[in-house]
Structure formats: structure tokens, C-alpha cells
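Please examine the sequence and the structure shown here before reading further. The paragraphs that follow lead through salt bridges, a sheet, pockets and backbone angles in turn.

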Amino acid sequence: MQIAATARNLQGTGASRRLRISGKAPGIVFGAGQDAQKIEIDHNNLFHALKKEAFHTSILDLDIDGQSSKVVLRDVQYHPFRAQILHIDFQRVDENTKIESKVALRYENADKSPAVVAEEGTVTPLITEVSVLAAPGKTPEFISVDLSKLSSKVIPGLQTVKAPNGVKIIARGSNKNPVLVSVKLPEAAVVAPVAAAPTDKKKKK
């Protein structure tokens, strides 16, 4: 995926504000032993590109005034309530440099699992993305997780996820094997109708 940018010399809050008003998004490129370079990118093109999953995980060809660099997305800042990009960061890489990035988990076959078919449960993902370490060229857009054997008693953890060759999943925190999904079973108890109380018989005189 290719994206065009222009080098920018002006910096500071005022310059960035004027840049955004003109339809541009400020950014920076760093890494690979080179000086950091400030850039500006067409805001609308960048906004639509960020909606694509590949933009977040693939090596990008960043063209700056005719000079191309291999980069990956490192950070993007959005306005708190407007559909506006405030700043974007790219890191220069080569094909063999391993970097840490976020990859989405794509759950499959939950509707065919015993948890849904036999137990009539509802499956809710608890983990939607994982951190991986891989060369950018080997970083997948997503990792598939097969839930065909899922049941309320057999719930897979993070260590059951099979990453592609050359990709290492990184577990954070003290729990190295958190569960991936939850299964909520339907309430088995059915409320029976309340029987009418017997009427008192009139006492004979």
C-alpha cells in the first residue's frame, strides 16, 4: 500500500492547526538510524486508508516528495469528538526487522460449536486483538481462531492460538493464558404458573 506525503518545515501548535484547516494531517517519520522527519499528508486520503486493516499491519510505501521509504504505522491520534486525525507516526523498517504490532483475532465456526448447537449458548469474544512480534512482511492482517469445538466446559485460552510461521504472540501481564471468549448459557429454570388458592368452604350451621 502506498501513501504520498510532503515534507514540512513549520512546527508548533499554530502551524499544525493551520495545516489541519487546509485539509492536511501532520505526521512524523522516524527510525532506521535516520533523523526524524516531519511530514504532512492529505487528510481525507489518510482517513480512508486508516479504515483498512492492512494499513495497520502491512509495510507501507511512504512517498515523501518523490523519495520512497518502507514504513509501518506506529501511532495515530484522533480528535476526541470530530472525525479528524490530529497526528500520525510512522517508523522506517526493512524487510527483516522484527517489530511488535497489534493483530486482530478473527473467530470462526462458533455457530457450529457444541456451545451454540447443543447448549444454545451465546458466545462473546473477550480478546479481539493480540500483540505479535514479526517482520513486517510476515505480519498477518488477522489470525483465525477455530471455535468449532467450543463448549461451556472447554473454553480456549490464548496459548491455543496458532500463529503463522515467523510470528510470535506476546502475552502481557501475569496471566499468560487468558480465555478468549465467554459462553453464556440460557436460564434453565422456567417459572411455573402460580396455582390459585382454594376458596374456603362455608361452615354449616
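Does Arg172 count as buried or exposed, and at what relative accessibility? In this predicted model, Arg172 counts as exposed, at 53% relative accessibility. Its side chain meets that of Glu100 in a salt bridge, with a distance of 2.4 Å from N to O. Because Glu100 lies in strand β7 and Arg172 in the loop between β11 and β12 (181-184), the pair ties together parts that are 72 residues apart in sequence. Glu100, at 30% relative accessibility, counts as partly exposed.

The structure holds 2 salt bridges. Besides the pair just described, Asp61 forms a salt bridge with Lys70, and here the closest N and O atoms are 2.6 Å apart. Asp61 counts as partly exposed, with 22% relative accessibility; the limit below which a residue is called buried is 20%. Lys70 is also partly exposed, its relative accessible area being 39%. As a general point, side chains of opposite charge can pair when their charged atoms come close.

Strand β7, in which Glu100 lies, leads to the sheet. This open sheet consists of 4 strands in the order β10-β7-β9-β11, and its pairing is mixed. The edges are held by β10 (142-146) and β11 (168-170); each has a single partner strand, so one side of each is left without a neighbour in the sheet. From one strand to the next, the twist averages 45 degrees. At the β11 end of the order, strand β9 (residues 129-134) runs antiparallel to β11, and 3 bridges join the two. For Leu133, the bridge partner in β11 is Lys168.

The next subject is the empty space around the protein atoms. Rolling a probe the size of a water molecule over the atoms shows where such space is left. The largest pocket holds about 290 Å³ of space. It is lined by 13 residues, and those closest to its centre are Val145, Asp146, Leu147, Pro156 and Thr160. Two of these positions, 145 and 146, fall within the edge strand β10 (142-146). By class, the lining comprises 7 nonpolar, 3 polar and 3 charged residues.

The second largest pocket has a volume of about 230 Å³. Its lining also numbers 13 residues, and His56, Thr57, Leu73, Lys102 and Glu129 lie nearest its centre. At least two lining residues come from each of α3 (53-57), β5 (67-78) and β7 (99-108). This lining has 4 nonpolar, 3 polar and 6 charged residues.

Finally, the backbone deserves attention at two positions. Most residues other than glycine have a negative phi. Asn109, however, has a positive phi, near 65 degrees. Asn109 is placed in the loop between β7 and α4 (114-117), and it is partly exposed, with a relative accessible area of 28%. Glu120 is not a glycine either, yet its phi is positive, at about 55 degrees. Glu120 sits in the loop between α4 and β8 (122-125). With a relative accessible area of 58%, Glu120 is exposed.

Terms used
Residues are numbered from 1 along each chain as its sequence is written. This is a predicted model: local features need pLDDT of at least 70, side-chain atom pairs count only at pLDDT 80 or more; totals for chains, interfaces and linings use all residues. Side-chain values use heavy atoms; hydrogens and water are left out. Two strands pair if DSSP finds at least two bridges between them. Axes are lines fitted to C-alpha atoms, for helices over the stretch in contact, and angles run from 0 to 180 degrees between N-to-C directions. On a 1 Å grid over the protein atoms alone, a cavity is a set of points where a 1.4 Å probe fits but cannot get out, and a pocket is an open set with protein on both sides within 12 Å along at least five of seven lines; lining residues have an atom within 4 Å of a point. Grid points are joined across faces, edges and corners, and a volume is the space filled by probe spheres set on the points. Ala, Val, Leu, Ile, Met, Phe, Trp, Tyr, Cys and Pro count as nonpolar, Asp, Glu, Lys and Arg as charged, and the others, Gly among them, as polar. Buried means under 20% relative accessible area, exposed over 50%, partly exposed in between (1.4 Å probe, protein chains only). A salt bridge is a side-chain nitrogen of Lys or Arg within 4 Å of a carboxyl oxygen of Asp or Glu.
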